[in-house]
Amino acid sequence: MQNTEEIWRLVDAKREEFIALSDRVWGMPELAYLEAKSCAEHTEMLRAQGFRVTEKLADIPTAVMGEAGEGGPVIAILGEYDALPGLSQEAGIAEPRPLPGDGSGHGCGHNLLGSASLLAATAVKDYLAANGLPGRVRYYGCPAEEGGAAKGFMVRDGAFDDVDIAISWHPAAFAAVQEAVSLANTRIDFSFVGRASHAAAAPHLGRSALDAVELMNVGVNYMREHMPSDARIHYAYLDAGGVAPNVVQPTAKVRYLIRARDLVELKRLIARVRKIADGAALMTETTVDAKVVSGVSNLLGNLPLERAMQANLDRLGPPPFDDLDRARAAEFQATLSEEDIASSWRRIGLPERRGVTLCDVVPALETKGAPMVGSTDVGDVSWVVPTVQARGATYAIGTPGHSWQLTGQGKLPAAHKGMVHVAKVMAGTAVDCLRDPALIEAAKADLAERTAADPYEPVLSKDVQPPFGMSKAAG
Ligand SMILES: [Zn+2]
């Protein structure tokens with residue numbers, strides 16, 4: 001039953017405005033830290049709904065926060081609105097058909113992510129007002145989830161210092177409580193400087209920075225054999241030293257993305273990669289400078305909050321998809337491989353049921369899937385505030401993350417239904433916290449226990465600035 005509870009009715013009362021917001025943001029895909037229009041849409045909605053608005057949160061131009069209510073505990077609901085390069089796709093079309101423009105698209109569903117979170121926050125605000133309850137609800141519009149680690153900078157700036165509970169979600173194939181498994185990561189740029197020279201006439205006078213990068217990569221690739229099996233390392237050349245092979249390359253730059261199970265493991269791995277970079281510089285008589293660009297912590301779970309969220313999901317049931325939704329989803333599923341579909345079921349931890357195109361169950365909390373091996377900047381929030389996340393069922397089972405198929409489904413009625421459904425899950429969980437101080441205490445005790453042995457030590461040091469230019473460089 002979707003509307004037996006007051007908080008769910010409050011979500012439904014405003015669903016159309018927020019579906020329209022999600023569709024507008026879908027239509028203006030903006031890359032990490034360039035989300036000026038999307039952020040303005042969210043800011044305008046916050047004002048229209050009567051939130052007290054703080055713009056440029058943590059000195060980030062495209063971050064915004066809105067607060068409503070008085071006294072009591074502070075519940076934060078986190079949203080995002082950044083898009084991805086190269087994933088432009090016409091809405092509702094199940095074959096690759098990019099739209100005219102710069103090629104960006106909402107291939108991770110963050111148009112829905114931001115809108116559902118803001119809808120949930122609005123419903124909680126309306127609930128507090130209708131019931132005369134003390135308590136504050138905040139919506140955090142967080143930019144640059146895709147590689148920009150904005151939430152880490154917001155945490156560092158103290159944006160969550162007085163928050164009691166944080167709630168978020170991510171678009172997915174199934175409606176469920178998100179298992180708190182994600183990798184800590186960091187991006188580090190290694191810049192080598194050597195000496196230019198004529199590569200044929202005076203090779204002995206040159207010192208190649210490009211050689212240094214290549215040797216560093218060889219060294220790291222040998223290290224792979226000797227690192228934890230769940231760690232990941234990838235790299236990309238940012239500067240190969242020029243286009244002339246007859247000039248010894250005086251500069252070269254490589255970006256490393258290093259991921260590990262947790263912060264302790266990540267720091268060990270960073271130290272080893274740095275040693276290899278130093279070794280490459282030594283071998284080539286170049287110098288190397290390492291600059292941390294971004295970093296996120298692994299996610300910490302929170303059992304009391306996960307149980308509370310699961311109870312909301314169990315009462316709600318799966319999203320109310322109909323035959324038309326399933327038929328549209330089938331069109332997209334037809335573009336996927338059997339392996340895509342099988343791995344979607346594996347990820348959620350349920351036996352595969354062929355022919356099922358959209359989520360029709362609520363998995364139990366104990367259901368353990370194949371762990372997600374990506375990273376999210378919600379991780380940093382989860383180290384300082386008890387945090388829980390939902391998966392919202394917004395697309396066909398099997399749709400890979402970061403795909404044109406995901407962009408293409410972002411405005412379908414099924415996406416809208418999944419978005420409203422997950423807003424109910426989050427708003428219901430927030431109301432449980434506001435109604436039950438013991439739940440907040442239990443959530444805080446759970447976090448204290450998880451961080452007792454290894455307290456939060458973020459990857460981002462004080463001198464690292466948000467990589468505002470990252471999308472310009474990438475685009
Ligand atoms: Zn995402």
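These are my notebook entries on a predicted model, taken up one site at a time.

**Zinc site.** I looked up the zinc ion first and found it coordinated by Cys-108 through SG, His-110 through NE2 and His-170 through NE2, at 2.0 to 2.3 Å. I wrote down the spacing of the donor residues in sequence as C-x1-H-x59-H. Cys-108 lies in the loop between strand E3 (74-80) and helix H4 (110-131), whereas His-170 lies in strand E5, so this pair ties together parts that are 62 residues apart in sequence. I then checked accessibility: Cys-108 is buried, with a relative accessible area of 10%, while His-170 is partly exposed, at 21%.

**Open sheet.** I next traced an open sheet of 4 strands, whose order is E8-E9-E7-E10 and whose pairing is antiparallel. Its edge strands are E8 (232-239) and E10 (287-296), each of which pairs on one side only. Neighbouring strands in this sheet are turned by 20° against each other on average, direction ignored. For the helices, I noted that H6 (residues 209-223) packs on the sheet and touches E7 (184-193), E8 and E9, its direction making about 20° with that of E9. Helix H7 (residues 263-284) lies across E7, E8, E9 and E10, and runs at about 10° to E7.

**Strands E8 and E9.** I followed this pairing in more detail: E8 and E9 (residues 251-260) are antiparallel to each other over 7 bridges, and Tyr-235 stands opposite Tyr-256 in E9. These two tyrosines also appear in a cluster, where ring pairs link them with Phe-190.

**Aromatic pairs.** My count of aromatic pairs came to 6. I looked more carefully at Tyr-140 and Phe-160, which form a stacked pair with 4.4 Å centre to centre and 20° between the planes. Tyr-140 belongs to strand E4 (residues 135-142) and Phe-160 to the loop between helix H5 (150-156) and strand E5 (165-172), so the pair ties together parts that are 20 residues apart in sequence. Both Tyr-140 and Phe-160 are buried. I also recorded a charge over a ring, with Lys-125 lying over the face of Phe-51 at 5.8 Å from the ring centre.

**Helix H10.** Last, I asked which residues of H10 (residues 338-348) are buried, and I listed Ile-341, Ala-342, Ser-343, Ser-344, Trp-345 and Ile-348. What covers these buried residues includes strand E6 (176-177), helix H9 (323-333) and strand E11 (387-393). After H10 comes Gly-349, for which I noted a positive phi, near 90°.

Definitions and conventions: Residues numbered from 1 in each chain as written. Predicted model: local features only at pLDDT ≥ 70, side-chain atom pairs only at ≥ 80, totals over all residues. Heavy atoms only, no water. Buried < 20%, exposed > 50% of the residue type's maximum accessible area, 1.4 Å probe, protein only. Helix = DSSP H or I, 4+ residues; strand = E, 2+ residues; numbered from the N terminus. Contact = heavy atoms within 4.5 Å. Phe/Tyr/Trp six-rings, centres within 6.5 Å; stacked < 30°, edge-to-face > 60°. Lys NZ or Arg CZ within 6 Å of the ring centre and 35° of its normal. Donors = N, O, S within 2.8 Å, 3.2 Å for Na, K, Ca; no water. Pairing = 2+ DSSP bridges. Axes fitted to C-alpha atoms, helices over the stretch in contact; angles between N-to-C directions.
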